[in-house]
Amino acid sequence: MAQKARGNTTVSYNSNAIAAYVTQSDLERTIYQLETTALADTSKTYISGDAENSMKLSGNWTVALDTILAPDAGSGTKRTVVIVYTEGAATVTYTWTASGSNGGEIENYTIQSPANGLRTFSCDLKLSGAPSRVVA
């Protein structure tokens with residue numbers, strides 16, 4: 001059954017809950033396919049390569065949100081990133097724990113200030129390492 005995201009998705013960055021500011025969170029997990037075709041093959045063959053993970057966030061900008069995200073923008077600092085999806089009583093949690101070269105790093109951080117609209121933000125997180133995935 002389809003599930004609405006509102007109220008059923010939470011996001012935290014560096015142990016700070018930011019779901020109250022986020023209106024869109026897109027988790028992208030790209031698995032590259034590596035070609036292994038040999039001269040004796042009659043068609044192309046592939047194996048799965050490594051996953052590339054990223055998260056695009058956007059929403060309503062506030063000073064509180066800026067205090068959480070802005071200091072890390074462009075710093076190269078990796079932080080723990082957690083996203084939780086809830087469907088009824090079940091949850092799926094993806095966690096990138098900051099440790100060594102693992103964790104989430106702010107790749108882009110933008111504040112939009114239209115003259116006749118709401119001040120918003122967008123942020124791209126590059127997620128290094130494999131996430132822990134827990135289904136409960």
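How many helices and how many strands does the chain have? In this predicted model, the chain has one helix and nine strands. Read from the N terminus, the order of the elements is β-β-β-β-α-β-β-β-β-β, with the helix placed after four strands and followed by five. The radius of gyration of the chain is 18 Å, well over the 14 Å that the globule rule gives for 136 residues, so the chain is more spread out than a compact globule. The C-alpha trace, taken along its principal axes, spans about 65 × 40 × 35 Å.

Of the 136 residues of the chain, 29% count as buried, and the accessible surface comes to about 8,300 Å², with 51% of this surface belonging to carbon and sulfur atoms. Where contacts between residues at least 6 apart in sequence are considered, 62% of them join residues at least 24 apart. As for charge, the chain carries 10 positive and 12 negative charges, and the mean positions of these two groups are 7 Å apart.

At the level of a single residue, F121 is found in strand β8, which covers residues 120–128. The relative accessible area of F121 is 1%, and because a residue counts as buried when this value is under 20%, F121 is classed as buried. F121 and I111 are separated by 10 residues in sequence, while their C-alpha atoms are 4.4 Å apart in space.

Note on methods: Residues are numbered from 1 along each chain as its sequence is written. This is a predicted model: local features need pLDDT of at least 70, side-chain atom pairs count only at pLDDT 80 or more; totals for chains, interfaces and linings use all residues. Side-chain values use heavy atoms; hydrogens and water are left out. Helices (H or I, at least four residues) and strands (E, at least two) are DSSP runs, numbered from the N terminus. Buried means under 20% relative accessible area, exposed over 50%, partly exposed in between (1.4 Å probe, protein chains only). The radius of gyration is taken over C-alpha atoms; the globule rule is 2.2 Å times the number of residues to the power 0.38. Contact means heavy atoms within 4.5 Å. Accessible areas come from the Shrake-Rupley method with a 1.4 Å probe; for residues, only the protein chains shown count as cover. Lys and Arg count as positive and Asp and Glu as negative; His and the chain ends are not counted. The place of a charge is taken as NZ of Lys, CZ of Arg, CG of Asp or CD of Glu.
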